[in-house]
Amino acid sequence: MTFWQDPYAAAVEWLRNLLIGWGLTVEAAQLILYLAGGIVLAGGSLALVIFLIWAERKIIGRVQDRLGPNRVGPWGIFQTFADILKIFTKEYITPNGVDRVPYNLAPVLAVAAVIMIWAVVPFTVTLYGADLSVGLIYVMAVGAIGEMGIVMAGWGSNNKFALLGAFRAVAQMVSYEIPMVIALLIPVMMAGSLSLGAITASQAVWNILIAPLAALIFFITSVAEVGRAPFDLVEAESELVAGFNIEYSGLKFGFFFVGDFLHAFTIAMLFTVFFLGGWRGPFVDQVPILGAVYFFIKTSLVYLVNILMRAALPRFRIDQMMDFNWKYLTPLSLSVLVVTALADKLTLGLSAWVRIPVFLGLNGLLFLAASVMVNRRAINRPRAEVVSRPRPLARPETAVQPETNGGVS
Amino acid sequence: MLENYYPLLVILSIAVFLGFLVVALGVLFGPRRPTARKGAPYESGMVPYGEGRRRISVRYYLIAVLFILFDIEIVFFLPWAVVLRQLGVEGLIGMFLFVGVLLVGFVYVWKKGALEWE
């Protein structure tokens, strides 16, 4: 294992030897390595957000037939730096009657929870913070801490719209967690382990080929979990003023923003780990560092789909969102689980060339059946009329008749 | 096995510390001129009325209760999924029975109208 094949492992080894050479104990050297790794991880993820915000504004600008940021630096690439510098000089407005501890803790928690997820993601074979045997449960649990940040923000703000946004957030995230975890049981089933490293290593065939429906369910629910469009009811500005972050200003508001973007990228990373084979790719056995390149290429593609979805789809109504989860995704994910478990049992030991078509066919059949059922329900449902009802008028004789076109000729 | 969790502790402390540091930097550079108008809850320029923390629709509680039910069921699924390949046919049949019971409950909840939002 030379330096060029795995610079990360080589650098860690070199640093450890250097520290021990200075007379530190093995444990102290390990602690310093952890500290350094943690600072690099946290700093790297926050620095990545700067680029993500720019990329997203640029792409959405193009989708909407605009140029996007293009003034600060080449292609506007320093726009986010300018924004950061400006937001530093903004006043923190703390409204009257806020609950100080949750109000101030919420933005920090929103970002910290996402960085915590980064700690268990395997970027290459050797490059990861910690390979937990309960990695998947950990990811779910830490994701829930981020939701708690939103609840704390809504409750602490002493604003009815913030509270409404927070309750919507809880209802949405709590509901979508169910199909999400059920869909994630399929990679777990294939790997026989909850550890993210083992799940990646088990994907000689990418899981998206074995369980495309589960991948779709995970993709949709993870977008809902982050609360991005089309699931951004949490911050529906047309109904809730701004949502849970309404009373925040300056960098505290900025931190919610950072947490949002970072979380969106993180779920793209998780999608890569669970369904796109993580760091797997050609020549990765000889040169492990290539894995990080593959990993980020795959993640960026997933994130791009995420951005395009945000640009293309309108926001759901809350009853549509709940119906979609409880009456479509949850039963569908349960049937995917049952069908995949059965198919896995029946075709275990056969070659991949038999297994993949079987799984693809079963998933396609399931999707077809679900679509037919949903269509039948939609056809049978009584529809409300789109005409507004006649309203009582204070002075009916002065009412403007619709056909007179409001008095304008 | 517990030493696996040290990096998590380190990263947690770094993340929280970094968050507080950045927020504190904002205190350092930003002005601080509170007025009565700024302190009022923001409601798009309307005069705020009523209290900020009000009662919540009961539907949210219903969703929360359903979530707990399903989450506990997922807790049973997780170990089953890990060892599925070693379990043999009995494990599969047992879990299908479990899913069947769960589906009966799900259909009951659905027909009772607990999943309707309006």
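Buried here means under 20% relative accessible area, with partly exposed residues lying between that value and 50%. That cut-off runs through the description below of a predicted model, and it can be put to work straight away on a salt bridge of chain A. A:Lys327, with a relative accessible area of 12%, is therefore buried, while its partner A:Asp323, at 22%, is partly exposed. The side chains of these two residues meet at 3.7 Å, N to O. Both belong to helix H13 of chain A (residues 318-347), and because they are four residues apart there, about one helical turn separates them.

It helps to step back to the chain as a whole. Chain A is built from 14 helices and has zero strands, so that its pattern along the sequence is α throughout, by the DSSP runs used to assign these elements. Along the principal axes, its C-alpha atoms fill a box of roughly 95 × 60 × 40 Å. Of the 409 residues in chain A, 50% are buried. Among contacts in chain A with a separation of 6 or more, 77% are between residues 24 or more positions apart.

Two helices of chain A illustrate how this burial is arranged. Helix H11 (residues 250-275) is mostly covered, with 24 of its 26 residues buried. From its first C-alpha to its last, H11 of chain A reaches 38 Å, close to the 38 Å expected at 1.5 Å a residue. After this helix comes A:Gly277, which has a positive phi, near 80 degrees. Helix H3 of chain A (residues 79-88) has as its buried residues A:Gln79, A:Thr80 and A:Phe88. What covers them? The cover includes helices H2 (26-63) and H11 of chain A, and also helix H1 (6-29) of chain B. The surroundings of H3 thus draw on both chains, because chain B supplies part of that cover by the contact criterion of heavy atoms within 4.5 Å.

The salt bridges come next, and the count over all chains is seven. One of them pairs the side chains of A:Arg310 and A:Glu56, at 2.6 Å from N to O. A:Arg310 lies in helix H12 (residues 290-312) and A:Glu56 in helix H2, both of chain A, so this pair ties together parts that are 254 residues apart in sequence. The two partners differ in exposure: A:Arg310 is partly exposed, at a relative accessible area of 32%, whereas A:Glu56 counts as buried at 2%.

Another salt bridge in chain A joins the side chains of A:Arg355 and A:Asp344, at 3.2 Å from N to O. This pair links distant parts of the chain, with A:Arg355 in helix H14 (residues 352-380) and A:Asp344 in helix H13, eleven residues apart. A:Arg355 is buried, with a relative accessible area of 11%, and A:Asp344 counts as buried at 2%. Through shared partners, salt bridges also join A:Glu56, A:Arg228 and A:Arg310 into one network.

A:Asp344 leads on to the interface of the two chains. Its side chain also meets that of B:Arg85 in a salt bridge, at 2.9 Å from N to O. Across the interface of chain B and chain A, one salt bridge is found, along with five residue pairs in polar contact. On the side of chain B that touches chain A, at least two residues each come from H1, helix H2 (36-39), helix H3 (58-82), helix H4 (84-87) and helix H5 (89-112) of chain B. Which of the helices gives the most to this side? That is H1 of chain B, with 18 residues. By residue type, this side divides into 48 nonpolar, eight polar and twelve charged residues.

In extent, the contact takes 83 residues from chain A and 68 residues from chain B. Together the two chains bury about 6,600 Å² between them, and 75% of that area is on carbon and sulfur atoms. Within chain B, the residues that lose the most area to chain A are B:Ile11, B:Arg53 and B:Arg85, which together account for 11% of what that side buries. B:Arg85 therefore appears twice in this picture, as a salt-bridge partner by the 4 Å criterion and as one of the residues of chain B that lose the most area to chain A.

Notes. Residues numbered from 1 in each chain as written. Chains lettered and ligands numbered in written order. Predicted model: local features only at pLDDT ≥ 70, side-chain atom pairs only at ≥ 80, totals over all residues. Heavy atoms only, no water. Buried < 20%, exposed > 50% of the residue type's maximum accessible area, 1.4 Å probe, protein only. Expected span 1.5 Å × (residues − 1). Buried area = accessible area lost by both parts, 1.4 Å probe. Polar contact = N/O pair within 3.5 Å; in protein donor to acceptor, adjacent residues only side chain to side chain. Nonpolar A, V, L, I, M, F, W, Y, C, P; charged D, E, K, R; others polar.
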